[in-house]
Amino acid sequence: MSNRIMMVDDHPVVRAGLRALLEADEGIEVIAEVGTGDEALRVLDELAASSPGLPDLVLMDLNLGDGIGGIETTRTLRERHPGVQVLAVTTFDAEADIVGALEAGATGYVLKDSPTEALIDAVSEAAAGRSILSPEVQQRLVRRMTSPHSALSPRESEILEALATGATNREVAKRLFISESTVKTHLVHLYDKLGVDSRTAAIRVARERRLIR
């Protein structure tokens, strides 16, 4: 019996290449492909009301351009359709992306440049509900676990990601629906964890350590 797959990626050429790769395997059937998070949720709702129904697995890119991103799409998808597994398939290996996707409910996380055989295996494992991580992703999570004092919390990562776009403390507070004083408190902890004394240095060090993009 084939694993029924849906692909979510905002690049048509990438989707076409990935689809050709997957459908060359007789154990995989791609039943849908979309380019945005909003479209993914709409199509899944439609599939849920039709026959033969929902896919076993959604391959989720994290950067979906305009609209909701892959992490938020994953979170909403898993809330609406808990029986559908999600495998993050992306070019990003920053700690914030990995932790965010897994906390949102992704079963696994693999990089797009993974060998074909490894990607096919990841699809089969994730479709069955078994956790699967690229070796590079595993290494980042191990480092996070063995050095918890320097690991950023999801909120700290969000704040640092926002600051990296050039946002001010006030703009970050508004974007994340928290107070400006809360942002400043998080920054104190961030600076301590990263061993820096300015936001510019914090962003630089976080990128060097692949904590953020």
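## Strand β4

In this predicted model, the side chains of β4 fall into two sets. Gln 85, Leu 87 and Val 89 point one way from the strand, while Val 86, Ala 88 and Thr 90 point the other way, and all are buried. In a regular strand the side chains alternate between the two faces of the sheet.

Strand β4 covers residues 85–90, and because six of its six residues are buried, the strand is largely enclosed by the rest of the structure. Val 89 and Thr 90 appear again below, as both are in contact with Asp 61.

## Strand β3 and its partners

Strand β3 (residues 57–60) is covered on both faces. Leu 57 and Leu 59 lie on one side, Val 58 and Met 60 on the other, and these residues are all buried. Among the elements of the chain, β3 also has the highest mean pLDDT, at 97.

Strands β3 and β4 run parallel and are joined by four bridges. Across this pair, Leu 57 stands opposite Gln 85, and Leu 59 has Leu 87 as its bridge partner. Another four bridges join β3 to β1, again in parallel; here Met 60 of β3 stands opposite Val 8.

## The sheet as a whole

Which order do the strands take in the sheet? The six strands form an open sheet in the order β2-β1-β3-β4-β5-β6, with parallel pairing. The edge strands are β2 (28–34) and β6 (132–133), each of which pairs on one side only.

At the β2 end of the sheet, strand β1 (residues 3–8) runs parallel to β2 and is joined to it by six bridges. In that pair, the bridge partner of Met 7 is Glu 33 in β2.

## Asp 61 and the annotated domain

Asp 61 is found in the loop between β3 and α3 (70–80). UniProt lists this residue, in an unreviewed entry, under "modified residue: 4-aspartylphosphate". Is Asp 61 buried or exposed? Its relative accessibility is 5%, so Asp 61 counts as buried. Leaving aside neighbours within four places in sequence, Asp 61 is in contact with Val 8, Asp 9, Asp 10, Gly 70, Val 89, Thr 90 and Lys 112. Of these contacts, Val 8 is the residue that stands opposite Met 60 in β3.

The unreviewed UniProt entry also lists residues 4–127 for "domain: Response regulatory". Over these residues the chain is 46% helix and 21% strand, and the C-alpha atoms at the two ends are 8 Å apart.

## Helices α7 and α9

Helix α7 spans residues 154–164, and its buried residues are Glu 156, Ser 157, Ile 159, Leu 160, Ala 162 and Leu 163. An α-helix has 3.6 residues a turn, so residues three or four places apart point the same way. The cover over the buried residues of α7 includes α4 (95–104), α8 (169–176), α9 and α10. Just after α7, Gly 166 takes a positive phi of about 95°.

His 186 is found in helix α9 (residues 180–194). Because its relative accessibility is 19% and buried means under 20%, His 186 counts as buried. Not counting residues up to four places away in sequence, His 186 touches Arg 155, Glu 156 and Ile 159. Glu 156 and Ile 159 are among the buried residues of α7.

## The segment after α10

Arg 209 lies in the segment after α10 (199–208). Arg 209 is partly exposed, with a relative accessible area of 40%. The C-alpha atoms of Arg 209 and Ala 94 are separated by 8.3 Å, although the two residues are 115 residues apart along the chain.

## Overall form and confidence

The protein chain has ten helices and six strands. With 213 residues, a compact globule would have a radius of gyration near 17 Å, and the 18 Å of this chain agrees with that. Along its principal axes the C-alpha trace spans about 55 × 30 × 30 Å. Buried residues make up 47% of the 213 residues. Of the contacts with a separation of 6 or more, 63% are between residues 24 or more positions apart. The chain exposes about 10500 Å², with carbon and sulfur atoms supplying 52% of that area.

The mean pLDDT of the chain is 88, and 97% of its residues reach 70 or more. Helix α6 (residues 135–146) has the lowest mean pLDDT among the elements, at 77. Where pLDDT is low, the predicted coordinates should not be read in detail.

Technical notes: Residues are numbered from 1 along each chain as its sequence is written. This is a predicted model: local features need pLDDT of at least 70, side-chain atom pairs count only at pLDDT 80 or more; totals for chains, interfaces and linings use all residues. Side-chain values use heavy atoms; hydrogens and water are left out. Buried means under 20% relative accessible area, exposed over 50%, partly exposed in between (1.4 Å probe, protein chains only). Contact means heavy atoms within 4.5 Å. pLDDT is the predictor's confidence in each residue, from 0 to 100. UniProt positions are given in the numbering used here, feature names are shortened, and annotations may be inferred rather than shown by experiment. The radius of gyration is taken over C-alpha atoms; the globule rule is 2.2 Å times the number of residues to the power 0.38. Accessible areas come from the Shrake-Rupley method with a 1.4 Å probe; for residues, only the protein chains shown count as cover. Two strands pair if DSSP finds at least two bridges between them.
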